[in-house]
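Hi,

Here is the structure I promised to send over. Have a look at it first, and then read on for what turned up.

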Amino acid sequence: MQLKIYLWVLLCFVTLNAISQSKIDKGKHKVGDVEIDILSSYYEQEGDHSAVEGGNGTQTLSDKVLSVTLSVPVDSVNIFDMSVSADTYSSASSDHIDGVGSYAVLSTPSSHDLRAYGNLAYSRINRKGKTLTIGAGFSSEFDVKSTSMLLGFAKESEDKNRELSVHVKGYYDKWKLIFPTEYRLNSSSFNLPDVRKTVSSDLSFAQVINKKLQALFSYEFTYQNGLLSTPFHRVYFNDGEDIYTRTGSIEKLPDYRSKHAFGVRISSFPFDWLIGRFYYRYYFDSFGIKAHTLNTEVPLKITRFFSVYPFYRFYSQTAADWFRPYGEHDLSQEFYTSDYDLSNFVSNKIGIGLRLSPPMGLIHLRSNSGNRSSSLKGLELRFAKYYRSDGLRSFIISSNLSFGF
Amino acid sequence: MYLNDEEMKLSQRSLEQFETSFESYREGASGAEGGKTGGGCGCN
(Lines give C-alpha, C1' and ligand atoms only; values in the text may rest on other atoms or scores of the structure.)
Protein backbone atom coordinates (compact mmCIF):
# COMPACT_ATOMS: atom_id res chain seq x y z
CA MET A 1 0.00 0.00 0.00
CA GLN A 2 2.79 2.46 0.92
CA LEU A 3 4.65 1.53 -2.32
CA LYS A 4 1.51 2.43 -4.32
CA ILE A 5 1.36 5.83 -2.60
CA TYR A 6 5.03 6.53 -3.36
CA LEU A 7 4.51 5.55 -7.02
CA TRP A 8 1.52 7.91 -7.32
CA VAL A 9 3.50 10.81 -5.83
CA LEU A 10 6.45 10.03 -8.14
CA LEU A 11 4.12 9.95 -11.15
CA CYS A 12 2.73 13.35 -10.19
CA PHE A 13 6.17 14.96 -9.94
CA VAL A 14 7.41 13.38 -13.19
CA THR A 15 4.31 14.70 -14.95
CA LEU A 16 4.78 18.11 -13.36
CA ASN A 17 8.41 18.31 -14.47
CA ALA A 18 7.54 17.30 -18.05
CA ILE A 19 4.76 19.84 -18.30
CA SER A 20 6.93 22.58 -16.75
CA GLN A 21 9.57 21.95 -19.40
CA SER A 22 6.89 22.13 -22.06
CA LYS A 23 5.72 25.45 -20.65
CA ILE A 24 9.23 26.91 -20.88
CA ASP A 25 9.67 25.70 -24.44
CA LYS A 26 6.52 27.60 -25.47
CA GLY A 27 8.53 30.74 -24.76
CA LYS A 28 6.37 33.83 -25.14
CA HIS A 29 3.02 32.23 -24.32
CA LYS A 30 2.30 33.26 -20.76
CA VAL A 31 0.27 30.76 -18.79
CA GLY A 32 -0.54 30.56 -15.12
CA ASP A 33 1.81 29.14 -12.55
CA VAL A 34 1.91 25.48 -11.79
CA GLU A 35 0.54 25.32 -8.27
CA ILE A 36 1.20 22.70 -5.65
CA ASP A 37 -0.62 22.62 -2.33
CA ILE A 38 0.51 20.41 0.54
CA LEU A 39 -2.37 20.00 2.98
CA SER A 40 -2.36 18.13 6.25
CA SER A 41 -4.71 17.65 9.15
CA TYR A 42 -5.03 15.92 12.50
CA TYR A 43 -8.48 14.95 13.80
CA GLU A 44 -9.45 13.47 17.15
CA GLN A 45 -12.87 12.61 18.53
CA GLU A 46 -14.44 11.24 21.71
CA GLY A 47 -17.93 9.86 22.26
CA ASP A 48 -19.94 7.12 23.96
CA HIS A 49 -22.35 5.86 21.32
CA SER A 50 -20.37 3.50 19.13
CA ALA A 51 -22.52 1.82 16.47
CA VAL A 52 -20.16 -1.17 16.59
CA GLU A 53 -21.51 -1.92 20.08
CA GLY A 54 -25.13 -1.14 19.28
CA GLY A 55 -25.01 2.54 20.23
CA ASN A 56 -23.26 2.15 23.58
CA GLY A 57 -19.48 2.24 23.52
CA THR A 58 -16.38 4.30 22.91
CA GLN A 59 -16.10 6.38 19.74
CA THR A 60 -12.49 7.39 20.32
CA LEU A 61 -10.87 7.93 16.94
CA SER A 62 -7.90 9.82 15.55
CA ASP A 63 -7.08 10.54 11.93
CA LYS A 64 -4.03 12.04 10.22
CA VAL A 65 -4.19 13.14 6.60
CA LEU A 66 -1.55 14.25 4.11
CA SER A 67 -2.72 15.50 0.73
CA VAL A 68 -0.82 16.91 -2.26
CA THR A 69 -2.73 18.73 -5.00
CA LEU A 70 -1.36 19.98 -8.29
CA SER A 71 -2.89 22.41 -10.75
CA VAL A 72 -1.03 22.40 -14.05
CA PRO A 73 -2.12 24.89 -16.75
CA VAL A 74 -0.63 23.40 -19.91
CA ASP A 75 -1.61 26.52 -21.88
CA SER A 76 -4.36 29.13 -21.76
CA VAL A 77 -7.16 26.60 -22.45
CA ASN A 78 -6.04 23.27 -21.00
CA ILE A 79 -5.61 22.57 -17.28
CA PHE A 80 -4.82 19.39 -15.37
CA ASP A 81 -5.72 19.06 -11.70
CA MET A 82 -4.62 16.10 -9.66
CA SER A 83 -4.45 15.11 -6.03
CA VAL A 84 -2.99 12.26 -4.03
CA SER A 85 -3.86 11.72 -0.38
CA ALA A 86 -3.30 9.27 2.40
CA ASP A 87 -4.85 9.11 5.82
CA THR A 88 -4.18 6.83 8.72
CA TYR A 89 -6.80 6.41 11.38
CA SER A 90 -7.12 4.50 14.58
CA SER A 91 -10.54 3.64 15.97
CA ALA A 92 -11.23 2.20 19.42
CA SER A 93 -14.71 1.04 18.32
CA SER A 94 -13.29 -0.96 15.41
CA ASP A 95 -11.33 -2.92 18.00
CA HIS A 96 -14.68 -4.21 19.30
CA ILE A 97 -15.88 -5.78 16.07
CA ASP A 98 -14.47 -9.04 17.37
CA GLY A 99 -16.71 -9.30 20.38
CA VAL A 100 -18.53 -7.31 23.05
CA GLY A 101 -18.71 -7.96 26.81
CA SER A 102 -18.17 -11.58 27.68
CA TYR A 103 -18.36 -12.41 23.97
CA ALA A 104 -15.02 -10.65 23.43
CA VAL A 105 -12.77 -12.94 21.43
CA LEU A 106 -9.60 -10.97 21.89
CA SER A 107 -8.38 -7.70 23.36
CA THR A 108 -6.10 -5.69 21.09
CA PRO A 109 -4.79 -2.13 20.80
CA SER A 110 -7.11 0.22 18.95
CA SER A 111 -7.67 -0.91 15.41
CA HIS A 112 -6.09 1.22 12.71
CA ASP A 113 -6.14 1.42 8.94
CA LEU A 114 -4.61 3.30 6.05
CA ARG A 115 -6.62 4.86 3.23
CA ALA A 116 -5.08 6.08 -0.02
CA TYR A 117 -7.04 8.09 -2.59
CA GLY A 118 -6.50 10.31 -5.56
CA ASN A 119 -8.18 12.24 -8.34
CA LEU A 120 -7.21 13.44 -11.81
CA ALA A 121 -9.23 15.98 -13.80
CA TYR A 122 -8.81 17.72 -17.14
CA SER A 123 -10.50 21.02 -17.95
CA ARG A 124 -10.72 22.82 -21.26
CA ILE A 125 -11.76 26.46 -21.43
CA ASN A 126 -12.84 28.17 -24.65
CA ARG A 127 -12.97 31.88 -25.49
CA LYS A 128 -16.75 31.96 -25.07
CA GLY A 129 -16.43 31.29 -21.33
CA LYS A 130 -17.35 27.62 -21.51
CA THR A 131 -15.44 25.04 -19.46
CA LEU A 132 -15.64 21.28 -19.90
CA THR A 133 -14.21 19.01 -17.20
CA ILE A 134 -13.70 15.25 -17.08
CA GLY A 135 -12.09 13.35 -14.25
CA ALA A 136 -11.56 10.07 -12.44
CA GLY A 137 -10.66 9.04 -8.94
CA PHE A 138 -9.90 6.10 -6.70
CA SER A 139 -9.91 5.24 -3.00
CA SER A 140 -8.54 2.18 -1.27
CA GLU A 141 -8.61 0.93 2.30
CA PHE A 142 -8.85 -2.46 3.95
CA ASP A 143 -12.55 -3.10 3.55
CA VAL A 144 -13.57 -0.92 0.60
CA LYS A 145 -12.18 -0.07 -2.84
CA SER A 146 -13.81 2.79 -4.73
CA THR A 147 -13.57 4.29 -8.20
CA SER A 148 -15.24 7.45 -9.46
CA MET A 149 -15.86 9.40 -12.65
CA LEU A 150 -16.67 13.09 -13.08
CA LEU A 151 -18.17 15.12 -15.90
CA GLY A 152 -18.70 18.87 -15.59
CA PHE A 153 -19.73 21.86 -17.64
CA ALA A 154 -19.67 25.58 -16.78
CA LYS A 155 -20.69 28.70 -18.72
CA GLU A 156 -19.64 32.19 -17.73
CA SER A 157 -21.41 35.32 -18.99
CA GLU A 158 -19.56 37.79 -21.24
CA ASP A 159 -19.28 40.35 -18.46
CA LYS A 160 -18.17 37.55 -16.09
CA ASN A 161 -20.83 38.58 -13.56
CA ARG A 162 -22.64 35.23 -13.59
CA GLU A 163 -21.82 31.59 -14.10
CA LEU A 164 -23.92 28.46 -14.46
CA SER A 165 -22.34 25.07 -13.84
CA VAL A 166 -23.45 21.45 -13.70
CA HIS A 167 -21.50 18.38 -12.60
CA VAL A 168 -22.30 14.66 -12.57
CA LYS A 169 -20.24 12.24 -10.53
CA GLY A 170 -20.48 8.46 -10.15
CA TYR A 171 -18.89 6.16 -7.57
CA TYR A 172 -18.56 2.39 -7.60
CA ASP A 173 -17.60 0.88 -4.22
CA LYS A 174 -16.64 -2.74 -3.69
CA TRP A 175 -16.85 -3.81 -0.04
CA LYS A 176 -15.25 -6.59 1.91
CA LEU A 177 -18.03 -7.59 4.28
CA ILE A 178 -16.84 -7.77 7.86
CA PHE A 179 -19.30 -9.14 10.40
CA PRO A 180 -19.10 -9.21 14.20
CA THR A 181 -17.58 -12.44 15.43
CA GLU A 182 -20.83 -13.84 16.76
CA TYR A 183 -22.48 -13.65 13.30
CA ARG A 184 -19.67 -14.82 11.01
CA LEU A 185 -20.67 -18.49 10.85
CA ASN A 186 -24.12 -17.65 9.41
CA SER A 187 -23.26 -14.31 7.69
CA SER A 188 -24.69 -15.53 4.38
CA SER A 189 -28.14 -15.49 5.98
CA PHE A 190 -28.08 -11.66 5.99
CA ASN A 191 -27.95 -11.75 2.16
CA LEU A 192 -26.08 -8.44 1.89
CA PRO A 193 -24.75 -7.04 -1.40
CA ASP A 194 -21.06 -6.13 -1.46
CA VAL A 195 -21.38 -3.26 -3.94
CA ARG A 196 -22.57 0.32 -3.56
CA LYS A 197 -23.28 2.59 -6.52
CA THR A 198 -23.66 6.34 -6.13
CA VAL A 199 -24.62 8.98 -8.66
CA SER A 200 -24.69 12.66 -7.73
CA SER A 201 -25.46 15.71 -9.80
CA ASP A 202 -25.16 19.32 -8.79
CA LEU A 203 -26.36 22.52 -10.39
CA SER A 204 -25.07 25.92 -9.28
CA PHE A 205 -25.59 29.51 -10.31
CA ALA A 206 -23.28 32.33 -9.22
CA GLN A 207 -24.22 36.00 -9.56
CA VAL A 208 -22.42 39.25 -8.80
CA ILE A 209 -25.04 41.47 -7.18
CA ASN A 210 -23.06 44.67 -6.75
CA LYS A 211 -19.45 45.83 -6.27
CA LYS A 212 -19.38 44.42 -2.75
CA LEU A 213 -21.73 41.44 -2.84
CA GLN A 214 -21.99 38.15 -4.70
CA ALA A 215 -23.99 34.98 -4.18
CA LEU A 216 -24.15 31.36 -5.30
CA PHE A 217 -27.19 29.07 -5.33
CA SER A 218 -26.77 25.30 -5.58
CA TYR A 219 -28.82 22.14 -5.69
CA GLU A 220 -27.41 18.64 -5.40
CA PHE A 221 -29.24 15.37 -5.92
CA THR A 222 -27.69 12.03 -4.94
CA TYR A 223 -28.95 8.51 -5.49
CA GLN A 224 -27.33 5.47 -3.87
CA ASN A 225 -28.04 1.81 -4.42
CA GLY A 226 -26.59 -1.37 -2.89
CA LEU A 227 -24.90 -1.81 0.50
CA LEU A 228 -25.98 1.19 2.59
CA SER A 229 -25.68 -0.40 6.02
CA THR A 230 -22.43 -1.26 7.81
CA PRO A 231 -22.23 -5.03 8.47
CA PHE A 232 -20.28 -4.68 11.74
CA HIS A 233 -22.74 -2.23 13.30
CA ARG A 234 -24.70 -4.13 15.96
CA VAL A 235 -28.29 -3.53 17.08
CA TYR A 236 -30.09 -4.86 20.15
CA PHE A 237 -33.84 -5.31 20.56
CA ASN A 238 -36.08 -4.53 23.52
CA ASP A 239 -37.02 -8.12 24.30
CA GLY A 240 -34.58 -8.52 27.20
CA GLU A 241 -32.95 -6.70 30.07
CA ASP A 242 -29.27 -6.83 29.14
CA ILE A 243 -26.83 -7.77 26.40
CA TYR A 244 -27.06 -11.46 27.34
CA THR A 245 -30.85 -11.68 27.15
CA ARG A 246 -31.70 -9.21 24.37
CA THR A 247 -31.95 -10.42 20.79
CA GLY A 248 -29.11 -8.98 18.75
CA SER A 249 -28.46 -8.55 15.07
CA ILE A 250 -26.59 -6.30 12.65
CA GLU A 251 -27.77 -3.00 11.24
CA LYS A 252 -30.33 -3.31 8.43
CA LEU A 253 -31.16 -0.40 6.12
CA PRO A 254 -32.90 -0.07 2.74
CA ASP A 255 -30.78 -0.79 -0.31
CA TYR A 256 -31.46 2.61 -1.88
CA ARG A 257 -31.29 6.22 -0.71
CA SER A 258 -32.03 9.52 -2.42
CA LYS A 259 -30.72 12.84 -1.08
CA HIS A 260 -31.60 16.46 -1.87
CA ALA A 261 -29.53 19.44 -0.77
CA PHE A 262 -30.21 23.14 -1.46
CA GLY A 263 -27.45 25.60 -0.61
CA VAL A 264 -26.78 29.34 -0.81
CA ARG A 265 -23.46 31.13 -0.31
CA ILE A 266 -23.05 34.87 0.12
CA SER A 267 -19.80 36.82 0.20
CA SER A 268 -19.67 40.52 0.98
CA PHE A 269 -17.20 43.15 2.19
CA PRO A 270 -18.83 46.12 3.94
CA PHE A 271 -15.33 47.52 4.50
CA ASP A 272 -12.00 46.78 2.82
CA TRP A 273 -10.75 45.12 6.01
CA LEU A 274 -13.91 43.16 6.88
CA ILE A 275 -15.48 40.35 4.88
CA GLY A 276 -18.57 38.31 5.62
CA ARG A 277 -19.03 34.77 4.24
CA PHE A 278 -22.33 33.01 4.86
CA TYR A 279 -23.61 29.57 3.90
CA TYR A 280 -26.99 27.93 4.43
CA ARG A 281 -28.11 24.47 3.36
CA TYR A 282 -31.42 22.61 3.67
CA TYR A 283 -31.22 18.84 3.26
CA PHE A 284 -33.68 15.97 3.20
CA ASP A 285 -33.48 12.32 2.16
CA SER A 286 -35.45 9.10 1.81
CA PHE A 287 -34.20 7.88 5.21
CA GLY A 288 -36.37 10.58 6.81
CA ILE A 289 -33.51 12.87 7.77
CA LYS A 290 -34.11 16.61 7.49
CA ALA A 291 -31.22 18.95 8.25
CA HIS A 292 -30.28 22.61 8.42
CA THR A 293 -26.72 23.92 8.16
CA LEU A 294 -25.67 27.50 8.85
CA ASN A 295 -22.03 28.55 8.52
CA THR A 296 -20.67 32.04 9.24
CA GLU A 297 -17.12 33.24 8.66
CA VAL A 298 -15.79 36.76 9.23
CA PRO A 299 -12.31 37.27 7.72
CA LEU A 300 -10.45 40.29 9.08
CA LYS A 301 -7.77 41.65 6.78
CA ILE A 302 -4.98 42.68 9.14
CA THR A 303 -2.93 43.71 6.09
CA ARG A 304 -3.67 43.24 2.39
CA PHE A 305 -1.99 39.82 2.51
CA PHE A 306 -2.61 38.60 6.06
CA SER A 307 -6.07 37.71 7.26
CA VAL A 308 -7.52 36.07 10.34
CA TYR A 309 -10.94 34.46 10.08
CA PRO A 310 -13.05 33.24 12.97
CA PHE A 311 -15.93 30.95 11.99
CA TYR A 312 -18.99 29.27 13.47
CA ARG A 313 -21.21 26.49 12.16
CA PHE A 314 -24.59 25.34 13.45
CA TYR A 315 -26.18 22.08 12.31
CA SER A 316 -29.39 20.30 13.22
CA GLN A 317 -30.95 17.09 11.94
CA THR A 318 -33.95 14.89 12.62
CA ALA A 319 -33.42 11.16 13.08
CA ALA A 320 -33.62 8.56 10.34
CA ASP A 321 -36.93 6.70 10.43
CA TRP A 322 -35.32 3.48 11.67
CA PHE A 323 -33.01 4.87 14.34
CA ARG A 324 -33.47 3.76 17.95
CA PRO A 325 -31.04 4.14 20.88
CA TYR A 326 -29.29 1.14 22.37
CA GLY A 327 -31.62 -1.75 23.18
CA GLU A 328 -34.84 -0.05 22.00
CA HIS A 329 -35.49 -1.66 18.63
CA ASP A 330 -38.68 -3.68 18.24
CA LEU A 331 -38.54 -7.11 16.62
CA SER A 332 -41.38 -6.10 14.28
CA GLN A 333 -39.24 -3.44 12.55
CA GLU A 334 -38.24 -4.08 8.95
CA PHE A 335 -35.14 -1.84 9.22
CA TYR A 336 -33.07 -0.88 12.26
CA THR A 337 -29.95 1.09 13.17
CA SER A 338 -28.38 2.41 16.37
CA ASP A 339 -25.82 4.54 14.52
CA TYR A 340 -26.00 7.90 16.32
CA ASP A 341 -24.76 9.62 13.14
CA LEU A 342 -28.35 9.02 11.94
CA SER A 343 -30.00 10.18 15.19
CA ASN A 344 -31.71 13.44 16.15
CA PHE A 345 -29.11 16.02 17.28
CA VAL A 346 -27.68 19.49 16.93
CA SER A 347 -24.01 20.33 16.59
CA ASN A 348 -21.87 23.42 16.95
CA LYS A 349 -18.45 24.02 15.43
CA ILE A 350 -16.29 26.99 16.29
CA GLY A 351 -12.81 27.81 15.13
CA ILE A 352 -10.30 30.22 13.75
CA GLY A 353 -7.95 30.33 10.79
CA LEU A 354 -5.20 32.51 9.48
CA ARG A 355 -3.93 33.02 5.97
CA LEU A 356 -0.70 34.63 4.80
CA SER A 357 -0.13 35.14 1.05
CA PRO A 358 2.05 38.10 -0.05
CA PRO A 359 2.16 38.65 -3.86
CA MET A 360 5.85 37.70 -4.16
CA GLY A 361 5.42 34.75 -1.83
CA LEU A 362 6.89 34.05 1.57
CA ILE A 363 10.05 32.59 0.01
CA HIS A 364 10.99 33.30 -3.60
CA LEU A 365 13.68 31.43 -5.51
CA ARG A 366 15.03 32.03 -9.01
CA SER A 367 17.31 29.71 -10.97
CA ASN A 368 20.85 30.81 -11.79
CA SER A 369 19.89 31.33 -15.44
CA GLY A 370 16.95 33.46 -14.33
CA ASN A 371 14.35 31.78 -16.52
CA ARG A 372 12.72 29.63 -13.82
CA SER A 373 11.38 30.64 -10.47
CA SER A 374 9.51 29.05 -7.63
CA SER A 375 7.99 30.35 -4.46
CA LEU A 376 6.25 29.40 -1.28
CA LYS A 377 3.19 31.43 -2.17
CA GLY A 378 1.19 31.16 0.99
CA LEU A 379 0.50 29.56 4.32
CA GLU A 380 -2.85 28.81 5.92
CA LEU A 381 -3.57 27.32 9.36
CA ARG A 382 -6.96 26.37 10.76
CA PHE A 383 -8.28 25.02 14.07
CA ALA A 384 -11.84 23.91 14.89
CA LYS A 385 -13.72 22.40 17.82
CA TYR A 386 -16.91 20.39 17.25
CA TYR A 387 -19.62 19.55 19.76
CA ARG A 388 -22.60 17.28 19.15
CA SER A 389 -25.61 17.21 21.48
CA ASP A 390 -25.35 13.45 22.07
CA GLY A 391 -21.93 13.99 23.64
CA LEU A 392 -19.58 13.42 20.69
CA ARG A 393 -16.84 16.04 20.58
CA SER A 394 -13.81 16.51 18.39
CA PHE A 395 -11.14 18.90 17.26
CA ILE A 396 -9.20 19.26 14.04
CA ILE A 397 -6.02 21.13 13.13
CA SER A 398 -5.13 21.62 9.49
CA SER A 399 -2.50 23.40 7.42
CA ASN A 400 -1.87 24.32 3.79
CA LEU A 401 1.44 25.26 2.16
CA SER A 402 1.02 26.65 -1.37
CA PHE A 403 3.85 26.61 -3.87
CA GLY A 404 4.11 28.12 -7.33
CA PHE A 405 6.47 27.18 -10.17
CA MET B 1 -10.54 45.11 -1.88
CA TYR B 2 -12.31 43.51 -4.85
CA LEU B 3 -14.87 40.82 -5.60
CA ASN B 4 -12.16 38.50 -6.95
CA ASP B 5 -10.18 38.62 -3.69
CA GLU B 6 -9.29 35.17 -2.36
CA GLU B 7 -11.39 35.82 0.77
CA MET B 8 -14.48 36.54 -1.36
CA LYS B 9 -14.55 33.20 -3.15
CA LEU B 10 -17.96 31.53 -3.42
CA SER B 11 -16.58 28.13 -2.55
CA GLN B 12 -15.12 26.22 0.35
CA ARG B 13 -11.54 26.92 1.34
CA SER B 14 -9.11 24.12 0.47
CA LEU B 15 -8.60 23.41 4.16
CA GLU B 16 -12.32 23.01 4.77
CA GLN B 17 -12.34 19.71 2.87
CA PHE B 18 -11.05 17.85 5.94
CA GLU B 19 -13.85 19.22 8.12
CA THR B 20 -16.45 18.57 5.43
CA SER B 21 -15.17 15.01 5.25
CA PHE B 22 -15.66 14.21 8.93
CA GLU B 23 -18.96 16.12 9.00
CA SER B 24 -20.30 13.96 6.16
CA TYR B 25 -19.50 10.83 8.24
CA ARG B 26 -20.68 12.14 11.61
CA GLU B 27 -23.86 13.72 10.24
CA GLY B 28 -26.65 12.44 8.03
CA ALA B 29 -26.58 15.33 5.56
CA SER B 30 -24.13 15.94 2.76
CA GLY B 31 -23.93 17.69 -0.56
CA ALA B 32 -24.34 21.16 -2.07
CA GLU B 33 -21.05 22.31 -0.58
CA GLY B 34 -18.44 20.56 -2.67
CA GLY B 35 -17.93 17.82 -0.12
CA LYS B 36 -18.12 14.05 -0.28
CA THR B 37 -21.53 12.56 -0.97
CA GLY B 38 -20.74 8.95 -1.50
CA GLY B 39 -18.18 6.34 -2.12
CA GLY B 40 -14.79 5.72 -0.66
CA CYS B 41 -14.08 5.68 3.03
CA GLY B 42 -15.64 3.21 5.42
CA CYS B 43 -14.59 5.28 8.44
CA ASN B 44 -16.74 4.75 11.49
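Let's start with one contact between the chains: Glu23(B) makes a salt bridge with Lys349(A), and their closest N and O atoms are 2.7 Å apart. Before you read too much into any distance here, keep in mind that this is a predicted model.

That salt bridge belongs to a longer list, as 11 salt bridges turn up across the interface of chain A and chain B. Polar contacts were counted there too, and they come to 22 residue pairs, both partners being at pLDDT 80 or more. Which part of chain A gives the largest share of the side that touches chain B? That is strand 12 of chain A (residues 256–271), with 10 residues.

As for the interface as a whole, 85 residues of chain A are in contact with 37 residues of chain B. The size of an interface is often quoted as the accessible area that is lost when the parts come together. Here chain A and chain B bury about 4,700 Å² between them, and 52% of that is on carbon and sulfur atoms. If you want residues to look up on the chain A side, try Gln214(A), Arg265(A) and Arg277(A): they supply 12% of the area that chain A buries against chain B, more than any other three residues.

Now for the rings. There are 17 aromatic pairs over all chains. One of them is Phe80(A) with Tyr122(A), a tilted pair at 5.3 Å centre to centre, with 45 degrees between the planes. Phe80(A) sits in strand 3 of chain A (residues 78–91) and Tyr122(A) in strand 4 (residues 111–125), so this pair ties together parts that are 42 residues apart in sequence. How accessible are the two partners? Phe80(A) is partly exposed, at 28% relative accessible area, and Tyr122(A) is also partly exposed, at 23%.

Another pair to pull up is Phe287(A) and Trp322(A), which is edge-to-face: the centres are 5.2 Å apart and the planes are at 85 degrees. This one links two loops of chain A. Phe287(A) is in the loop between strand 13 (274–285) and strand 14 (290–297), while Trp322(A) is in the loop between strand 16 (306–317) and strand 17 (345–356), so the pair ties together parts 35 residues apart in sequence. Both Phe287(A) and Trp322(A) are buried.

There is also an aromatic cluster, made up of Tyr42(A), Phe383(A) and Phe395(A).

Two arginines sit over rings as well. Arg382(A) has its charged end over the ring of Phe311(A), 3.8 Å from the centre. Arg388(A) lies over the face of Phe345(A), at 4.6 Å from the ring centre.

Last, some backbone. Most residues other than glycine have a negative phi. Lys160(A) is not a glycine, yet its phi is positive, at about 60 degrees. You will find Lys160(A) in the loop between strand 6 (144–156) and strand 7 (162–175) of chain A, and at 58% relative accessibility it counts as exposed. Asn191(A) also has a positive phi, near 55 degrees. Asn191(A) is in the loop between strand 7 and strand 8 (195–210) of chain A. Is Asn191(A) buried or exposed? Its relative accessible area is 67%, so Asn191(A) is exposed.

Cheers

How values were computed: Residues are numbered from 1 along each chain as its sequence is written. Chains are lettered from A and ligands numbered from 1 in the order in which they are written. This is a predicted model: local features need pLDDT of at least 70, side-chain atom pairs count only at pLDDT 80 or more; totals for chains, interfaces and linings use all residues. Side-chain values use heavy atoms; hydrogens and water are left out. Rings of Phe, Tyr and Trp (its six-membered ring) pair if their centres lie within 6.5 Å; planes under 30 degrees apart count as stacked, over 60 as edge-to-face and the rest as tilted. Helices (H or I, at least four residues) and strands (E, at least two) are DSSP runs, numbered from the N terminus. Buried means under 20% relative accessible area, exposed over 50%, partly exposed in between (1.4 Å probe, protein chains only). A charge sits over a ring if NZ of Lys or CZ of Arg is within 6 Å of the ring centre and within 35 degrees of the ring normal. Contact means heavy atoms within 4.5 Å. Buried area is the accessible area (1.4 Å probe) that two parts lose on being put together, summed over both. A salt bridge is a side-chain nitrogen of Lys or Arg within 4 Å of a carboxyl oxygen of Asp or Glu. A polar contact is a pair of N or O atoms within 3.5 Å; within protein, one must be able to donate a hydrogen and the other to accept it, and residues adjacent in sequence count only if both atoms are side-chain atoms.
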